[in-house]
Every structure is written in C-alpha cells, then in structure tokens.
Amino acid sequence: MRKFTLLIVAVLMAITASAQKLDIKQLVSPVSQKGNMVARALPENAKPVKPFKLNKKARKAAGVTSIDDLTGTWMQIYYSNFDKTILSTVVEITKTEGSENSITINGWWGNVLNSEPIEATVDLAAGTVTVAPQLIYDGEVSVELVNVDAETEGAPLVGTIAEDGSIVFEEGCAALTSDGAYEYALTTMFVRPNGKMEFLNDGVQIVDVYIEQDEEEEKVYVYNFGDFGRTIELGMNSDKTIEVPSSQIVYTGTNGDFYLYGLDETAENLISLSATGTEKTITFDQDWTGYTSTQYWLGQNTGTTITLTDGSKFVYPAEIADVAATPANPTDLEYNVHKTYGPRILVDVPRVDKNGKKLRKDKLFYQIYYIVGGDVFDYTLKTTDYKYLESDMDLIPYNFTDDYDIYTDGDSKKVYLYGSDGWEKVGVKSIYLGGDETHESEIVWYDIVAAGISTVNANGQNGGKAYNMAGQLVKQGYKGIVVKNGKKFLMK
C-alpha cells in the first residue's frame, strides 16, 4: 500500500464512551450521514487496523465472463486513513444504460457521502475496472473522486477483478472538495456479501454484511455491522463463545462516537457484549446498543444473529490442552507520563510459551512490579484507585479491560498507574496457570531513571478526575477540552 500526503486543516474531537446508567429519555435513532465535506485531522490515538484482505478459502470462486456477472448487490469495503479503521457500505452495480462496456456503481462510500452514481469502464480481457475522476457530490462544496497515488494529475483509478470475482482498487482514492478538504480512503474493494445480520428493533431488520475470518488471529471481522457502515471485530474461542470488545465504534453521528455495548435485562445498564456460535451462525447473548459519552444511545437491538449465506463455515480455534508451560517473556515494555492522566505502561504479552507454542488465554496473566531504593515491590491495582474494579488485583487476566484505566488489544496491553512517585524501574512478567501449575516468565524491566522520565508529580496528575465542558466525567484518553483540578486542558 503506497503512502501519500493529503492537506489536513482541522482537528476532530474524538469522544470516548462512558459506561453510565442510560437515560431512556435521551434515545436517539440512527440516521444516515450526509456528506458535508470538511477536512479532518487524524486523532493521535487512532487505533490502527490491519489492512483488510480477502479470505479466499471462505468464499466460493466466482468467474466473471460478462459485465452481467458484475451487476447486483455488493459490499464496498474501504480503509479510512482518517480514523485508522475499516468502513463498509452496501452498493448496487448496474449495467450502464446505452453502453456495452461500462457499469454504474450506486452508493460509492454511501454511508459517508451519499454520492452520485459512479461510472466505470470494464475491460474483461484485461480483468480491470477503470474509474475516471468525476463529480460524486454537489452540495455546499463540490466533491470529486480522484486518484491520489498517481504521479499524473487526473489519472484514473484502476481496479483488478480477482479470481473470486471481487474488485480491488489498490491505489489511493480520495474525495477532493472544491475548497481543498478531503474525505478519503487508502484502498477500496467490492465483494459479494456472504452473510446476513438479522436483529429486532421495532420489527425484523435484515442487513447485508461481509464476513472475513482470520484463522491465525482467531478473529472475525463483520463489515457493515448493524447497517451502520462500520466494521467490528469478534474474538473466536475454541468453545464457540465469542468475545466482543466494547471499545469499538459502531456508529458516528452528530452526537459523537457511539461505542458498542451490551444491555442488561433491564435495558438500562451497560455491560460487556458476548456471543455464541455454530458453524453457520453467531448469536449475541445480550441486547446491544451504541453509547456515547454525551449519554445518547442508538436504541435497543434484540435477538441479533449473523448468518453465513454462501456455503462457508465459521472455523473455531482448536482446543488447547490444559498443560503446564512456561510463558514467553513480555516484550516492548514502555513507560511514559501522560500530561493530564499521568503514568502508564505499554507492553506486549505474548500468548505463547518460551518454545513458541500457543497458550490458553484463560490461563494467562501478567503482573506489574516496580523498584524503589533498589528493592522490588509487587504493584497492586486497588479499587480505591481503579474505580471499575470489583476487587483489588495483582494478576491481570490476559484479556482483561475496564475500558478506563486498563486496555487490551491482542498481545498489546496498556495500564495507567497510580502512586508511582519515586519509582526507579517498572517491570512486567507473564504468569501461566496451566495444568494446575504456576509457571512464570522473567521480569522485563524498563529503567525510568535512565530514560530521564520524572515521576515526581505523576501521582498528582493521575489522582484527580477529569470532566468535559458539560460536567461529565470522562475516561483516560478523552480528546477535547477537559477540566481537571479546576484548570482547563485541551487534550489532543
């Protein structure tokens, strides 16, 4: 994927969800987003998402011998360099009236732009689909679809028809506005939907989705989840339970970013969302919603099931034997002090033993240590500091997150620290409880003093609460103006 530079002139305030009791009076309904084009900067904490790839084994071969083979319903999937995420939308491709070698794509980047139909020329012999620069939106500002990778201005986008019938545009394409702003994506592709999402929300709704399974990472990506044009990631377990990270944005609207949560039996309190599966379906165990720190939510979605419709199957990880093993050492340990929220560590905890053999997630933990005056101490996460913990914690489960101070993203862990004044070093080790035995890795250390990092005021920084301008408590990592200890800070 080639890199390119775009003009960015404004800053987006990224909103982080807050798990509070829902106010039923503040229900909002999801609305389709109109393309009022504005230039937007990349958030500093944007979560990188792996560039998408087609899972050839999970899809039927679909030869293309005529333009008619390219018509019908497609899923357009595109990687957004704006917020480092994968977006998606359902589009319709028709044969262009009066032409024998072109198609019309209706809904290009539809959930972002509600664009005008795009015309593309098809060369079946070469296996290409060519899109010339053209007007795709005409509102307060005009918007043109352009190729931003090409050295020559005005060069077309050229997509390749893959063996499975998908259309892949590897060149960077952007929506260029008349005032010099961008909404853009690095790559885009068209694939046939191979799944359906059915959920109850004032009646039955059935949505086209494309499902990609990454067997190596034990994950499933669902494009166009809930018909919101967003991609969510599901973790697959060998017992066919499904993990649904709540830190994922499911919808972005005028009220901010809506994060994916489950609802309890009263439909008034947020909980972690989970699901169970079969070879053909994934069914969510709780009702779900999208919730933002402005206390708006998307309504109660019940009875949600994702069903594969193309003959493929969900493949679950093989069961890992519960045997004793020594875990590999943690890697990439870093320590820094956030200017408002205080000290934190970032560390990778490999899910393998010292010989590279995969370990069970439910048996793997990690623990934090520190050195003061040359002496080594265990670090305890206390409920007096960590407001979302139910009890004090020494061993942190591999997949644990409180969506506030403790985050996990695969092997990568981030933990905010309290009471770290005077620390000379911070360390992390892995602990594995397989086979009714306890085995530990070595402690990996980060030398805070040698790195020249001051911890004198770290505890004071991290000890207070931060609020947005509406007086609502916000999480670590919140972007925007916050009030902390009576002072205002602009968090970027």
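At 9% relative accessibility, Ser 441 falls below the 20% limit and therefore counts as buried in this predicted model. Ser 441 sits in the loop between strand E33 (439-440) and strand E34 (444-447), and its side chain reaches the backbone nitrogen of Ser 430 at a distance of 2.9 Å. Leaving aside residues up to four places away in sequence, Ser 441 touches Pro 327, Ala 328, Asn 329, Pro 330, Lys 429 and Ser 430, so that Ser 430 appears both as a contact and as the residue whose backbone nitrogen is reached by the serine side chain.

A second buried position can be read in a similar way, this time within a strand. Val 146 belongs to strand E7 (residues 142-147), and with a relative accessible area of 13% Val 146 is buried. When residues up to four places away in sequence are not counted, Val 146 touches Leu 157, Gly 172, Cys 173, Ala 174 and Leu 176. Val 146 and Pro 133 are 13 residues apart in sequence, while their C-alpha atoms are 4.9 Å apart in space.

From single residues we turn to the strands and their pairing. In one closed barrel, 8 strands follow the order E1-E2-E3-E4-E5-E8-E9-E12 with antiparallel pairing, and neighbouring strands of this sheet are turned by 30° against each other on average, with direction ignored. Strand E1 (residues 72-80) and strand E12 (residues 187-191) run antiparallel and are joined by 5 bridges; within that pairing, Tyr 79 stands opposite Thr 187 in E12.

Another closed barrel of 8 strands runs E13-E14-E15-E16-E17-E21-E22-E24, and its pairing is antiparallel; here, neighbouring strands are turned by 30° against each other on average, direction again ignored. Strand E14 (residues 204-214) is joined to strand E15 (residues 219-223) by 5 bridges in an antiparallel arrangement, and Gln 213 has Val 220 as its bridge partner in E15.

Strand E23 (residues 287-291) gives an example of burial along a strand: 4 of its 5 residues are buried, so the strand is largely enclosed by the rest of the structure. E23 pairs with strand E19 (residues 256-263) in the antiparallel sense over 5 bridges, and the bridge partner of Leu 260 in E23 is Gly 290.

The aromatic side chains add a further kind of connection, since a search of the whole structure finds 17 aromatic pairs. In one of these, the rings of Tyr 379 and Trp 423 have their centres 5.5 Å apart and their planes at 80°, and because that angle is over 60 degrees the pair is edge-to-face. Tyr 379 lies in the loop between strand E28 (375-378) and strand E29 (396-397), whereas Trp 423 lies in the loop between strand E31 (412-416) and strand E32 (425-432), so the pair ties together parts that are 44 residues apart in sequence. Tyr 379 is buried, with a relative accessible area of 4%, and Trp 423, at 4% relative accessibility, counts as buried as well.

Elsewhere, Tyr 78, Trp 108, Trp 109, Phe 169 and Phe 190 form one aromatic cluster. Rings also meet lysine side chains: Lys 387 lies over the face of Tyr 404 at 5.4 Å from the ring centre, and Lys 413 lies over the face of Tyr 398 at 3.7 Å from the ring centre.

Methods: Residues are numbered from 1 along each chain as its sequence is written. This is a predicted model: local features need pLDDT of at least 70, side-chain atom pairs count only at pLDDT 80 or more; totals for chains, interfaces and linings use all residues. Side-chain values use heavy atoms; hydrogens and water are left out. Helices (H or I, at least four residues) and strands (E, at least two) are DSSP runs, numbered from the N terminus. Buried means under 20% relative accessible area, exposed over 50%, partly exposed in between (1.4 Å probe, protein chains only). Contact means heavy atoms within 4.5 Å. A polar contact is a pair of N or O atoms within 3.5 Å; within protein, one must be able to donate a hydrogen and the other to accept it, and residues adjacent in sequence count only if both atoms are side-chain atoms. Two strands pair if DSSP finds at least two bridges between them. Axes are lines fitted to C-alpha atoms, for helices over the stretch in contact, and angles run from 0 to 180 degrees between N-to-C directions. Rings of Phe, Tyr and Trp (its six-membered ring) pair if their centres lie within 6.5 Å; planes under 30 degrees apart count as stacked, over 60 as edge-to-face and the rest as tilted. A charge sits over a ring if NZ of Lys or CZ of Arg is within 6 Å of the ring centre and within 35 degrees of the ring normal.
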